[in-house]
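This report describes the fold of one protein chain, going from strands to helices and their contacts. The sequence and the model are shown below.

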Amino acid sequence: MNAYDEYMKGIVKPMREELTQVGFIELTDEKDVEETMSTIKGTAIVVINSVCGCAAGLARPAVQEALEEANGQPDHLLTVFAGQDKEATEKMRSYFTEVPPSSPSIAFWKDAKLAYFIPREQIENFEKDQIKDHIMQVLDQVCEK
């Protein structure tokens, strides 16, 4: 590992932990993604994490708060890190090719297909509470039993 990679690994560690500490499973390579996505049943929220400010100040906190408050709860919490785990991110995006790649972004998975997608454009320049409310509405629809 070169000095840049080592530096970035240290920088993104707390960004990864913001999600893993609340129960997200981080998929870090193509094999992890393929095994997980081919076997999961039910619903999932997939956060395409990022180092950008809108991930730190908006997306990650909004996801955490929405999961605390929403009635609808996904069966699985998954995340990949764009720009860091490139192969994992590319593989995850291959499961929802109908939407252009963006990060951060949030995919909602139900019955082995994409049920809803919140791209970066619906995260940056919005207030955290607006994003949280959006996520909660989607969770309540996608995860209704």
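Strands here are DSSP runs of type E with at least two residues, numbered from the N terminus. Thr43 lies in one of them, strand S2. The model is a predicted one.

**The sheet**

The sheet is open and has 5 strands, in the order S1-S3-S2-S4-S5, with mixed pairing. Its edges are formed by strand S1 (25-26) and strand S5 (113-118), each of which pairs on one side only.

At the S1 edge, S1 and strand S3 (residues 76-81) run parallel and are joined by 2 bridges. Ile25 stands opposite Leu78 of S3.

Further along the order, S2 and S4 are antiparallel and share 6 bridges. Within that pair, Val46 has Ala107 in S4 as its bridge partner. S4 is also joined to S5 by 5 bridges, again with the strands running antiparallel. Here Phe108 is matched with Tyr116 in S5. The hairpin of S4 and S5 has 2 residues between the strands, and Asp111 in this hairpin takes a positive phi near 50°.

How much of S4 is buried? The count is 5 of its 6 residues, so S4 is largely enclosed by the rest of the structure. Helix H5 (residues 128-142) lies across S2 (43-49), S4 (105-110) and S5, and runs at about 10° to S4.

**Thr43**

Is Thr43 buried or exposed? Residues under 20% relative accessible area are classed as buried. Thr43 has 5% relative accessibility and therefore counts as buried. Leaving aside residues up to four places away in sequence, Thr43 touches Gln73, Pro74, Asp75, His76, Trp109, Lys110, Val142 and Cys143.

**Helix H4 and its two faces**

Helix H4 (residues 86-93) has Ala88, Thr89 and Met92 as buried residues. Viewed down the H4 axis, the buried residues fall within an arc of 95°, so they line one face of the helix. The face turned away from this buried side carries Lys86, Glu87 and Glu90, which are exposed. On the inner side, the buried residues of H4 pack against helix H2 (30-39), S2 and S3.

**Helix pairs**

Two helix pairs are set out here by axis distance and angle.

| Pair | Axis distance | Angle |
|---|---|---|
| H2 and H4 | within 7 Å | roughly 30° |
| H1 and H3 | 9 Å | about 20° |

An angle under 35 degrees counts as roughly parallel. H1 (residues 3-20) and H3 (residues 53-69) pack at about 20°, and they are therefore roughly parallel to each other. Their contact brings Met15, Glu18 and Leu19 of H1 against Ala56, Arg60 and Gln64 of H3. By residue type this contact divides into 3 nonpolar, 1 polar and 2 charged.

For the other pair, the axes of H2 and H4 cross at roughly 30°, which makes H2 roughly parallel to H4. Glu30, Val33, Glu34 and Met37 from H2 meet Glu87, Ala88, Lys91 and Met92 from H4. The residues of this contact are 4 nonpolar and 4 charged, with no polar ones. Among the H4 residues involved, Ala88 and Met92 are buried, whereas Glu87 is exposed.

Technical notes: Residues numbered from 1 in each chain as written. Predicted model: local features only at pLDDT ≥ 70, side-chain atom pairs only at ≥ 80, totals over all residues. Heavy atoms only, no water. Pairing = 2+ DSSP bridges. Helix = DSSP H or I, 4+ residues; strand = E, 2+ residues; numbered from the N terminus. Contact = heavy atoms within 4.5 Å. Axes fitted to C-alpha atoms, helices over the stretch in contact; angles between N-to-C directions. Buried < 20%, exposed > 50% of the residue type's maximum accessible area, 1.4 Å probe, protein only. Arc of directions from axis to C-beta. Parallel < 35°, antiparallel > 145°, perpendicular 65-115°, else oblique. Nonpolar A, V, L, I, M, F, W, Y, C, P; charged D, E, K, R; others polar.
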